Amino acid sequence: MGETATTHAANTARAYYDSADVDGFYTAVWGGDDIHTGIYEHPDEPVARASRRTDARMAARVADLLGPGRTVIDLGSGYGGAARHLARTYGCRVVALNISDVQNRRHRELNAREGLDALIDVVAGSFQDVPAPDGRFDVVWTQEALVHSGDRARMLSEAVRVLAPGGALVLTDVMAADDSHRDALRPVCERLNVADLATPDFVRERLTGLGLGRVRFDDLSENLLPHYTRLAEDVRRHGDELAGAYSDAYRERLRANLPLWVDACENGLLSWGVFHARR
């Protein structure tokens, strides 16, 4: 039997994030803690600092459901920056579900270093089939993970399935603008090894169709241009310093691909922001 689209996407994501080049890029350029889009106060702000601001903005949307005794699942948790922010700031328990062994290993090391092991459970697995019972979590949290799903409708369905009555979902993803043509974004997807991007309309319609109420989208797309400009400039300016972080071949791919993301931002082809909804 052939590989399904869902299995193919999961295997592709695992290979992508487990690769030494990608791990080196996210560690050296992105900071190796939060690896998602940042919210910028000024264009020259470090990516890592802006990315941490995104965690705070998302948490503020669901702060009434955070605190000791509350449970959160982070779908596609990466190196665990958000999980540590939630555990450290609010004292809630976090299940961090992630498919990359490389990232999970570092995630556990960073948790131990900060003394947060007791509050964060790092679980190897796929967000397409969440290993948890229905209604288990007060908050479902996910950042830039939907892009890697081979069945985005199923991933969102799983997210809602494990959400407790009265709970909240909070989500970010790099998306195509609703009026973008798929072919226009094909070149920018190459670095992520994905065929296309979701749109805000798709996410909004799916969440509403799954029975969530008060589905809101904080459109923060203006942060995409400074974000990708910052990444492109860091790779260009600090190429020699970063030579040991990833291969020369991967560096050349970044130098070719990141400016395409900058162009897409300048042309209004991309969208990004915080979705939040209640069950």
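These questions and answers concern how some terms apply to a predicted model.

Guide: The model is predicted, so local features need pLDDT of at least 70, side-chain atom pairs count only at pLDDT 80 or more, and totals for chains, interfaces and linings use all residues. Residues are numbered from 1 along each chain as its sequence is written, and side-chain values use heavy atoms, with hydrogens and water left out.

Visitor: Why is Arg214 called exposed?

Guide: Exposed means over 50% relative accessible area, buried under 20%, and partly exposed in between (1.4 Å probe, protein chains only). Arg214 has a relative accessible area of 58%, so Arg214 is exposed.

Visitor: Why is Asn193 called partly exposed?

Guide: The relative accessible area of Asn193 is 41%, and therefore Asn193 is partly exposed. Asn193 has a positive phi, near 60°, and is a residue other than glycine.

Visitor: How do you know that the span of helix α3 agrees with its number of residues?

Guide: Helices (H or I, at least four residues) and strands (E, at least two) are DSSP runs, numbered from the N terminus. The expected span of a helix is 1.5 Å times one less than its number of residues. For the 15 residues of α3 (residues 47-61) that gives 21 Å; the end C-alpha atoms are 22 Å apart, which agrees.

Visitor: What makes β3 and β7 stand at the edges of the sheet?

Guide: Two strands pair if DSSP finds at least two bridges between them. The order in this open sheet of seven strands is β3-β2-β1-β4-β5-β9-β7. β3 (120-124) and β7 each have a single partner strand, so one side of each is without a neighbour in the sheet.
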